[in-house]
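The questions below ask what lies behind some of the terms used for this structure. Each answer sets a computed value against the cut-off it has to meet.

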Amino acid sequence: MRMELVEALGRIVGPRWVRHRSAELATYAADGLPTHESLPGLVVLPASKQEVAGVLRLLNLLEVPFVARGAGTGLSGGALAARDAVLVTMTRMNRILAVWPERRRAVVQPGVINAKLSEAVAGHGLHYLPDPSSQSACTIGGNVAENAGGPHCLKYGVTTNHVTALEVVRTDGSFIRLGSPHGEPWGPDIVGLFIGSEGMFGVAVEITVRLEAIPRQVRTIFADFLVLRDASEAVSAIIASGIVPAALEMMDQSCIKAVEASIYATGAKTDAAAVLLVELDGSPEAVVADGAEVERLL
């Protein structure tokens with residue numbers, strides 16, 4: 001891209017935080033799905049919401065397309081930009097701005113890593129529930145863009161169920177607030193509409209999230225089956241019983257063999273047609289009662 005744009009963006013975020021050399025751009029050519037690559041025209045890394053607004057205002061004025069990017073751990077291509085576009089990478093905006101334990105709320109910048117937020121609030125007996133498999137690296141802003149889920153979304157839902165308010169920079173550089181710390185006040189669920197939009201409606205620069213109490217007890221049940229259909233019917237039976245596990249995951253034989261051949265080996269039988277993992281959480285009494293019923297059904 002033109003060096004004039006590089007210099008103009010450098011005046012907003014600092015020259016160090018505009019990447020335009022081929023070797024630098026190659027770092028951002030893929031997301032978590034390495035079979036798809038696209039080299040961006042430029043990469044810019046703002047450190048504040050004012051810098052984000054300045055960057056978007058300039059790109060809008062020059063009619064240059066942009067793509068917002070978090071940690072780039074997704075599998076959908078949502079963090080990739082073409083040669084004619086600028087990649088606006090939000091990883092420098094990684095501060096937890098406020099925690100209200102009594103209200104079970106936190107306000108974070110988009111570059112905060114999921115697991116880091118849970119670590120920060122663990123002393124209050126709280127955690128942030130959305131847990132994609134990449135939660136040790138992925139950012140909450142990226143989760144908002146993709147409406148990320150995780151193993152516990154069966155019981156607790158996905159990102160949209162845990163975000164109550166957003167401050168967003170629109171493509172013209174203006175700010176807008178969606179929702180409220182208490183939840184959507186009235187009318188359409190605009191926060192829910194924004195979450196999962198992959199940055200098409202703007203860039204989230206402050207995110208208010210729900211925090212939940214850490215369960216008093218957790219139990220994981222691991223069952224293997226000689227017939228894949230039996231494992232599927234076990235899933236149906238558990239749900240039909242009225243029990244909603246925190247997580248309910250199945251691996252078929254190909255997946256079992258891959259796991260057991262890796263450093264994540266669980267000891268599962270590789271001749272099993274399927275393995276079912278059932279996680280229960282809650283009060284000790286509920287976990288014992290539900291565990292006994294799940295065992296009977298399995």
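Q: Why is Thr139 called buried?
A: In this predicted model, Thr139 has a relative accessible area of 4%, and buried means under 20%, so Thr139 meets the criterion. Thr139 is found in the loop between β7 (126-127) and α5 (140-146). Leaving aside residues up to four places away in sequence, Thr139 touches Gly70, Ala71, Pro110, Gly111, Val112, Ile113 and Asn114.

Q: Why does Thr208 count as buried?
A: The relative accessibility of Thr208 is 8%, and the term applies under 20%, so Thr208 is rightly given that name. Thr208 is found in strand β10, and among the residues that it touches, not counting those up to four places away in sequence, are Arg105, Ala106 and Val107, as well as His162, Val163 and Pro181. Thr208 and Ala98 are 110 residues apart in sequence, while their C-alpha atoms are 9.1 Å apart in space.

Q: Why is Ile190 called partly exposed?
A: Ile190 has a relative accessible area of 33%; buried requires under 20% and exposed requires over 50%, so Ile190 falls in between and is called partly exposed. Ile190 is found in helix α7 (residues 190-194).

Q: What makes Ile190 part of a nonpolar patch on the surface?
A: A patch takes residues with over 30% relative accessible area and no salt bridge, and joins nonpolar side chains within 5 Å. Ile190, at 33%, passes the area cut-off, and Ile190 forms the patch together with Leu193, Met200 and Phe201, with about 430 Å² of accessible area between these residues.

Q: How do you know that β5 and β6 pair?
A: Two strands pair if there are at least two bridges between them, and strand β5 (residues 96-100) and β6 have four, in the antiparallel sense, so the criterion is met. Among the bridge partners, Ala98 is matched with Val107 and Trp100 with Arg105. The two strands form a hairpin with four residues between them, and Arg104 in the turn has a positive phi of about 55°.

Q: What is on the two faces of strand β6?
A: Both faces of β6 (residues 105-108) are covered, with Arg105 and Val107 buried on one side and Ala106 and Val108 buried on the other. β6 also pairs with strand β10 (residues 203-210) over four antiparallel bridges, where Val108 has Ile207 as its bridge partner.

Q: What makes β5 and β9 the edge strands of the five-strand sheet?
A: The order of this open sheet is β5-β6-β10-β8-β9, with antiparallel pairing, and β5 and β9 (175-179) each pair on one side only. Neighbouring strands of this sheet are turned by 10° against each other on average, direction ignored. Helix α4 (residues 114-121) lies across β5, β6 and β10, running at about 45° to β5.

Q: How do you know that β13 and β14 pair?
A: Six bridges join β13 to strand β14 (residues 274-282), and pairing needs at least two, so these antiparallel strands qualify. In β14, Glu279 is the bridge partner of Ala247. They belong to an open sheet of three strands in the order β12-β14-β13, in which β12 (217-225) and β13 (247-252) are the edge strands. Helix α9 (residues 253-260) lies across β13 and β14, at about 90° to β13, whereas helix α10 (residues 284-297) lies across β12 and β14, at about 10° to β12.

How values were computed
Residues are numbered from 1 along each chain as its sequence is written. This is a predicted model: local features need pLDDT of at least 70, side-chain atom pairs count only at pLDDT 80 or more; totals for chains, interfaces and linings use all residues. Side-chain values use heavy atoms; hydrogens and water are left out. Patches are made of residues with over 30% relative accessible area and no salt bridge: like charges are joined within 9 Å, nonpolar side chains (Val, Leu, Ile, Met, Phe, Trp, Tyr) within 5 Å. Accessible areas come from the Shrake-Rupley method with a 1.4 Å probe; for residues, only the protein chains shown count as cover. A salt bridge is a side-chain nitrogen of Lys or Arg within 4 Å of a carboxyl oxygen of Asp or Glu. Buried means under 20% relative accessible area, exposed over 50%, partly exposed in between (1.4 Å probe, protein chains only). Contact means heavy atoms within 4.5 Å. Axes are lines fitted to C-alpha atoms, for helices over the stretch in contact, and angles run from 0 to 180 degrees between N-to-C directions.
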